Amino acid sequence: MLSQIFDAFKPRLHDSNSKVNQVALEAMHRMIPLLKDNLSPVINMLIPAIVDNNLNSKNPGIYAAATNVIQALCQHLDNSLLLQPFCTKAQFLSGKAKQDLTEKLA
């Protein structure tokens with residue numbers, strides 16, 4: 001059930017409309033403390049959707065929202081769930097996104 005919901009929600013996390021994208025990131029930020037480790041089945045799908053484009057966004061609202069989501073993931077999920085997806089993404093990112101994710105890994 002959860003994976004079906006996030007399959008539908010995921011495209012909003014990188015919607016071409018910046019307002020939709022930002023609201024989706026903000027909604028994700030509010031969901032994380034409620035769902036916590038229950039997100040484990042969808043975390044490998046969510047991390048790329050959250051990180052790709054959003055952490056390198058020139059839109060300050062989208063960048064801030066993406067940073068908040070990453071911070072919430074680190075606070076509310078078991079770090080062992082985040083290690084592999086963060087490492088995988090950090091290998092292929094560039095710029096500010098790579099720096100931000102590398103700091104979280106450290």
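L35 counts as partly exposed, because its relative accessibility is 22% and the buried class ends under 20%. In this predicted model, L35 belongs to helix 2, an element that runs over residues 18-35. The C-alpha atoms of L35 and S18 are separated by 25 Å, with their positions 17 residues apart along the chain. Leaving aside residues up to four places away in sequence, L35 touches L2 and F6. A further reference point is Q71, which is placed in helix 4. Q71 is partly exposed, with a relative accessible area of 33%. The C-alpha atoms of Q71 and L35 are separated by 15 Å, although 36 residues separate the two along the chain.

The contact between L35 and F6 leads to helix 1, which comprises residues 2-9 and holds both F6 and F9. These two phenylalanines are 3 residues apart, about one turn of the helix. An α-helix has 3.6 residues a turn, so residues three or four places apart point the same way. F6 counts as buried, since its relative accessibility is 1%. F9 is likewise buried, with a relative accessible area of 17%.

How many aromatic pairs does a search of the whole structure find? The search returns 1 aromatic pair. That pair is formed by F6 and F9, whose ring centres are 5.9 Å apart and whose planes meet at 90°, so the arrangement is edge-to-face. The assignment follows because planes over 60 degrees apart count as edge-to-face.

The next residue along the chain from helix 2 brings the backbone into view. K36 is found in the loop between helix 2 and helix 3. Phi of K36 is near 45°, a positive value in a residue other than glycine. Most residues other than glycine have a negative phi. The side of K36 open to the surroundings is described by a relative accessible area of 41%, and K36 is therefore partly exposed.

Beyond this loop comes helix 3, which covers residues 43-51. Is helix 3 largely enclosed or largely open? Of its 9 residues, 7 are buried, so helix 3 is largely enclosed by the rest of the structure. The buried residues are I43, M45, L46, I47, A49, I50 and V51. What covers the buried residues of helix 3? The cover includes helix 1, helix 2, helix 4 (60-76), helix 5 (79-92) and helix 6 (95-105).

Just after helix 3, the backbone again takes a positive phi, at N53, with a value of about 70°. N53 is not a glycine, and its place is in the loop between helix 3 and helix 4. N53 counts as exposed, because its relative accessibility is 60% and the exposed class begins over 50%. Thus, N53 is exposed, whereas K36, the other residue described here with a positive phi, is partly exposed.

A lysine in helix 5 connects with the account of helix 3. K89 lies in helix 5 and is buried, with a relative accessible area of 14%. Apart from residues up to four places away in sequence, K89 touches I47, P48, V51, D52 and L101. Among these partners, I47 and V51 also belong to the buried residues of helix 3.

These local descriptions can be placed within the whole chain. The protein chain has 6 helices and 0 strands, and from the N terminus on its elements run α-α-α-α-α-α. With 106 residues, a compact globule would have a radius of gyration near 13 Å; the chain has 13 Å, which agrees with that expectation. Along its principal axes the C-alpha trace spans about 35 × 30 × 20 Å.

Of the 106 residues, 37% count as buried. Among contacts between residues at least 6 apart in sequence, 62% join residues at least 24 apart. The chain exposes about 5,900 Å², of which carbon and sulfur atoms supply 54%. As for charge, there are 10 positive and 8 negative side chains, and the centres of the two sets lie 5 Å apart.

Terms used
Residues numbered from 1 in each chain as written. Predicted model: local features only at pLDDT ≥ 70, side-chain atom pairs only at ≥ 80, totals over all residues. Heavy atoms only, no water. Helix = DSSP H or I, 4+ residues; strand = E, 2+ residues; numbered from the N terminus. Rg over C-alpha atoms; globule rule 2.2 N^0.38 Å. Buried < 20%, exposed > 50% of the residue type's maximum accessible area, 1.4 Å probe, protein only. Contact = heavy atoms within 4.5 Å. Areas by Shrake-Rupley, 256 points an atom, 1.4 Å probe, with all protein chains shown as cover. Lys, Arg positive; Asp, Glu negative; His and termini not counted. Charge placed at Lys NZ, Arg CZ, Asp CG, Glu CD. Phe/Tyr/Trp six-rings, centres within 6.5 Å; stacked < 30°, edge-to-face > 60°.
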